[in-house]
Amino acid sequence: MTETLAAATYEAADQLPADARAALRDLVLALADSKRVLGLRYSDRMLGSPTLEAGIAASSMAQDEWGHARLTYALLGDLGDDPKALEHERDAAEYRSIGTLDADLDGWNGMTAAGLLIDMALTAQYAALVDSRYTPVRNRVQKLLDEEKFHFQYAAGWARRIAQAPELRDGLAAALAKALPEALRWLGRDDAPGIRRLVEEGIVRDLPSDRRSRFLARVGPVLEEIGMAGALGVVRDAGEWTYAGELDWSGWDDATRRAGGSLDEQTAARARGDKNRALLMD
């Protein structure tokens, strides 16, 4: 048993110190919003996919992401929020989804880059909660991580396939180059006070730099295999995968995990389910 699990657990959010509870609320909302919008972006690629099977897989992944979002929004009830209001009543500017999802995915290259990098950055953050002292989140994370294994395999498979097509390689490289810094930055800063409190309380396993290392260890071999790791600044040194580029933290908000900008109102209306509001059952 790890030291974290050996320590006392938090069965409810009101047992948490106030500063840790606030930081956890920020993290959970950013995860839930990112999952919700990622599901929307995947669903946009159902039509016009390279093959019928690819469209069906995009549909399945969209459903997974929406399920993960519902699961994550539900956690916010214990943190003092009304999950239903968060899901269905917020303006676009209030969403905390990862910034790179503010825009549509650029075709199948964008879909592949999002699956390989954005989805896996979110997964790295969820994985840091798998042995959390906060029981409600720990109980929900493992099933989600199991489903994400397929997303990674699927995105990696398409990256390999696209990279073999000379006329498509540049498009994939551009989509990956756009997504990678966003994915790395979204994992946060080690010196953010809220993040440090979550680590101190055993709510989150480790610091953002550790999560970046795990994320790069997972996606780095795929990027190397398709011959794009070096151009993206992903390098392996003595068995460790690192990013050689500089992340731009100007304007960064540790709570929202964004550096300005906003989801557009049309996408927010879809995320809220505005057209089907009269049919909401719960």
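Here are some numbered notes to help you find your way around this predicted model.

1. **The chain as a whole.** Let's begin with the secondary structure, which comes to 11 helices and 2 strands. Starting at the N terminus, the order of elements is α-α-α-α-α-α-α-α-α-α-β-β-α. The chain has a radius of gyration of 18 Å, close to the 19 Å that the globule rule gives for 282 residues, so it is as compact as a globular protein of that length.

2. **Extent and burial.** If you take the principal axes as your guide, the C-alpha atoms fill a box of roughly 55 × 55 × 35 Å. Of the 282 residues, 52% count as buried, that is, with under 20% relative accessible area.

3. **Helix α6.** This helix covers residues 135–163, and it is worth following from end to end. At 1.5 Å a residue, its 29 residues should span 42 Å, and the end C-alpha atoms are indeed 42 Å apart, which agrees. Do look at valine 141 on the way, where α6 bends by about 30 degrees.

4. **The cavities.** Searching the whole structure turns up 3 cavities of 30 Å³ or more. The largest cavity holds about 50 Å³ of space. Two elements, α3 (52–75) and α6 (135–163), each give two or more residues to its lining.

5. **What lines the largest cavity.** To see the lining on your screen, select Leu71, Thr72, Leu75, Tyr126, Val137, Arg140, Val141 and Leu144. By class, this lining has 6 nonpolar, 1 polar and 1 charged residues. Which helix gives the most to the lining? That is α6, with 4 residues. Val141 is one of the lining residues, and valine 141 is also where α6 bends.

6. **Helix α7.** Next comes α7, made up of residues 166–186. At 1.5 Å a residue, its 21 residues should span 30 Å; the end C-alpha atoms are 31 Å apart, which agrees. After α7 comes glycine 188, with a positive phi near 95 degrees.

7. **The buried residues of α7.** Which residues of α7 are buried? They are Leu172, Ala175, Leu176, Ala179, Leu180, Ala183, Leu184, Arg185 and Trp186. It helps to keep helix geometry in mind here. An α-helix has 3.6 residues a turn, so residues three or four places apart point the same way. With that in view, try tracing Leu172, Leu176, Leu180 and Leu184, which are among the buried residues of α7.

Methods:
Residues numbered from 1 in each chain as written. Predicted model: local features only at pLDDT ≥ 70, side-chain atom pairs only at ≥ 80, totals over all residues. Heavy atoms only, no water. 1 Å grid on protein atoms, 1.4 Å probe; cavity = no way out; pocket = protein on both sides within 12 Å on 5 of 7 lines; lining within 4 Å. Points joined across faces, edges and corners; volume = space filled by probe spheres on them. Nonpolar A, V, L, I, M, F, W, Y, C, P; charged D, E, K, R; others polar. Expected span 1.5 Å × (residues − 1). Bend = angle between axes of the 7 residues up to and from the residue. Rg over C-alpha atoms; globule rule 2.2 N^0.38 Å. Buried < 20%, exposed > 50% of the residue type's maximum accessible area, 1.4 Å probe, protein only.
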